[in-house]
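Colleague: I've got a fold on my screen and I'd like to talk it through before I set anything up. Could you walk me through it?

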Amino acid sequence: MAPPPSVAAAHDRSGDAGDPSLRLRRAPAPEADAVPPPQTQQQHEMFCYRASAPAHRRVKESPLSSDAIFRQSHAGLLNLCIVVLIAVNSRLIIENLMKYGLLIRAGFWFSARSLRDWPLLMCCLTLPIFPLAALMTETMAQRKHIREHVAILLHIIITTTVLFYPVVVILKCESAVLSGFVLMFIASITWLKLVSFAHTNYDIRALSKSIEKGTHDCSIDEESIKGPTINRIVYFMLAPTLCYQTSYPRTAFIRKGWVTRQLIKCLVFTGLMGFIIEQYINPIVQNSKHPLKGNFLDAIERVLKLSVPTLYVWLCMFYCFFHLWLNILAELLRFGDREFYKDWWNAKTFEECWRMWNMPVHKWIVRHIYFPCIRNGFSKGFAILISFLVSAVFHELCIAVPCHIFKLWAFCGIMFQIPLLLLTKYLQDKFKNTMVGNMIFWFFFSIVGQPMCVLLYYHDVMNRQALSNR
């Protein structure tokens with residue numbers, strides 16, 4: 001026998017009170033202030049349910065039907081997926097250890113080869129010269145010691161040098177790929193910051209001139225148009241932002257215990273990344289062939305097998321850098337705006353993902369590329385194309401230069417996302433409230449994109465080293 005329905009179901013039947021044949025026998029309603037005794041309430045509940053009362057009164061959808069699935073809570077299914085994920089990955093870990101043993105090498109963190117990368121270290125230590133040169137240029141321009149076009153030319157020289165100087169050093173030295181990537185990453189951040197510094201101060205000078213002439217009607221905070229100082233540029237170069245401004249929102253104090261906990265987490269997740277790379281990714285790529293050569297099915301099998309560990313490494317990298325490291329830096333500098341990312345994992349289009357996953361770069365592109373293109377009369381599509389082009393160039397520089405390979409794999413991977421952006425936007429406009437675009441994003445991001453890039457660059461690096469050793 002089925003259990004009796006809940007008390008809440010009795011209230012759903014109130015709409016049928018007008019039908020005498022279906023009217024339920026109820027106890028007399030108590031007074032407003034009177035509380036019915038427990039025995040009377042129990043009798044009331046017993047008489048509320050009759051065999052003649054209908055059990056089906058409304059049109060209802062099944063919880064997994066297409067009209068109701070996105071209105072339901074799937075917390076239980078999420079817990080099931082987590083349990084299955086833990087079980088599957090535990091089996092893979094045991095299988096990997098039984099097959100290969102423990103592959104972590106003592107020289108993973110530091111080896112004798114790292115000592116040969118001292119030119120890259122010296123190059124990194126000399127990069128602060130360029131912000132000082134940019135500050136001197138802005139100071140002379142503010143005091144009108146040099147003309148505007150001369151200041152622009154000097155900034156072009158400074159920003160170009162800060163980017164190509166590390167490129168030359170890396171290409172001249174046979175350094176480790178990781179060391180070269182770190183140097184190019186720091187140089188790229190320095191370039192982005194210096195461009196923002198120059199562009200913002202140029203705009204500040206233009207606003208100051210319009211205020212002096214009385215041609216600017218909008219009210220402007222005087223604090224936001226002050227000239228650069230040594231303290232401001234030092235704070236800007238260390239702050240977790242790429243957009244220069246004269247002042248930033250600040251917190252009241254530094255939470256030292258919180259910083260310590262985040263540093264411990266950062267070390268743990270960094271070690272986890274190293275374990276996954278050494279224990280899983282390296283054996284897979286070493287036993288693979290070039291994905292564009294050989295058997296097509298073998299290439300698909302390697303890409304699918306590599307997709308899971310590369311996704312784990314990327315997620316650990318995202319958590320370490322964008323959540324832990326940038327928040328640690330912000331806490332130490334009392335930097336207030338800590339929106340370094342949004343919920344990009346829920347993105348329904350590639351455009352949403354690019355807007356939400358890397359907020360410092362997104363704000364820089366909007367401020368210094370997208371809106372300047374729009375103000376100069378270019379279309380929105382052209383501004384987006386230029387934004388993707390700049391992003392593709394820097395992805396290629398940060399990967400190709402340390403690998404000493406220029407085959408434009410990273411560049412093509414970024415530019416290929418433009419048609420995917422149009423496709424997912426079309427699907428989102430055509431089918432409202434759908435997650436098809438999100439599935440396409442995760443498929444190309446984790447299943448196809450990253451494993452393919454890892455295999456392409458690994459085999460190209462191995463082929464280049466084999467040719468150089470002959």
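Modeller: Sure, here are some questions and answers on this predicted model.

Colleague: Let's start broad: how many helices and how many strands does the secondary structure come to?

Modeller: The protein has 470 residues, and 35% of them are buried. For contacts between residues at least 6 apart in sequence, 74% join residues at least 24 apart. As for the secondary structure, the count is 16 helices and zero strands.

Colleague: Now helix 6 and helix 7: are they roughly parallel or roughly antiparallel?

Modeller: Helix 6 covers residues 148–172 and helix 7 covers residues 177–213, and their axes come within 9 Å. The crossing angle is roughly 175 degrees. Angles over 145 degrees count as roughly antiparallel, so the relation of helix 6 to helix 7 is roughly antiparallel.

Colleague: And by class, how many nonpolar residues does the contact of helix 6 with helix 7 have?

Modeller: Take the other classes before the one you asked for. Charged residues number three in the contact of helix 6 with helix 7, and polar residues number six. The nonpolar count there is 15.

Colleague: Histidine 368 caught my eye. Is it buried or exposed?

Modeller: Histidine 368 sits in helix 12, residues 359–375. Its relative accessible area is 11%. Buried means under 20%, so histidine 368 is buried.

Colleague: Leaving aside neighbours within four places in sequence, which residues is histidine 368 in contact with?

Modeller: Two of the partners show up through side-chain polar contacts. One such contact joins histidine 368 to serine 196 at 2.9 Å, and another joins histidine 368 to histidine 199, also with a value of 2.9 Å. With neighbours within four places set aside, the contacts of histidine 368 are Ser196, His199 and Thr200.

Colleague: What about cysteines: how many disulfides does the structure hold?

Modeller: A disulfide is a covalent bond between the sulfur atoms of two cysteines. Cysteine 353 is buried at 7% relative accessible area, and cysteine 398 is buried at 10%. The number of disulfides in the structure is zero.

Colleague: I'd like to check backbone angles too. In which loop is arginine 334 found?

Modeller: Arginine 334 isn't a glycine, yet its phi is positive, at about 55 degrees. Its relative accessible area of 29% makes it partly exposed. Its place is the loop between helix 10 (296–333) and helix 11 (350–356).

Colleague: Leucine 408 has a positive phi as well; what value is it near?

Modeller: Leucine 408 lies in the loop between helix 13 (380–403) and helix 14 (409–415). Leucine 408 is partly exposed, with a relative accessible area of 42%. It is a residue other than glycine, and its phi is near 65 degrees.

Colleague: Last one: how many Å apart in space are methionine 140 and alanine 151, C-alpha to C-alpha?

Modeller: Methionine 140 belongs to helix 5, residues 129–142, and is partly exposed at 29% relative accessible area. Not counting residues up to four places away in sequence, methionine 140 touches His145 and Ile146. Methionine 140 and alanine 151 are eleven residues apart in sequence, and their C-alpha to C-alpha separation is 8.2 Å.

Definitions and conventions:
Residues numbered from 1 in each chain as written. Predicted model: local features only at pLDDT ≥ 70, side-chain atom pairs only at ≥ 80, totals over all residues. Heavy atoms only, no water. Axes fitted to C-alpha atoms, helices over the stretch in contact; angles between N-to-C directions. Helix = DSSP H or I, 4+ residues; strand = E, 2+ residues; numbered from the N terminus. Parallel < 35°, antiparallel > 145°, perpendicular 65-115°, else oblique. Nonpolar A, V, L, I, M, F, W, Y, C, P; charged D, E, K, R; others polar. Buried < 20%, exposed > 50% of the residue type's maximum accessible area, 1.4 Å probe, protein only. Polar contact = N/O pair within 3.5 Å; in protein donor to acceptor, adjacent residues only side chain to side chain. Contact = heavy atoms within 4.5 Å. Disulfide = S-S within 2.5 Å.
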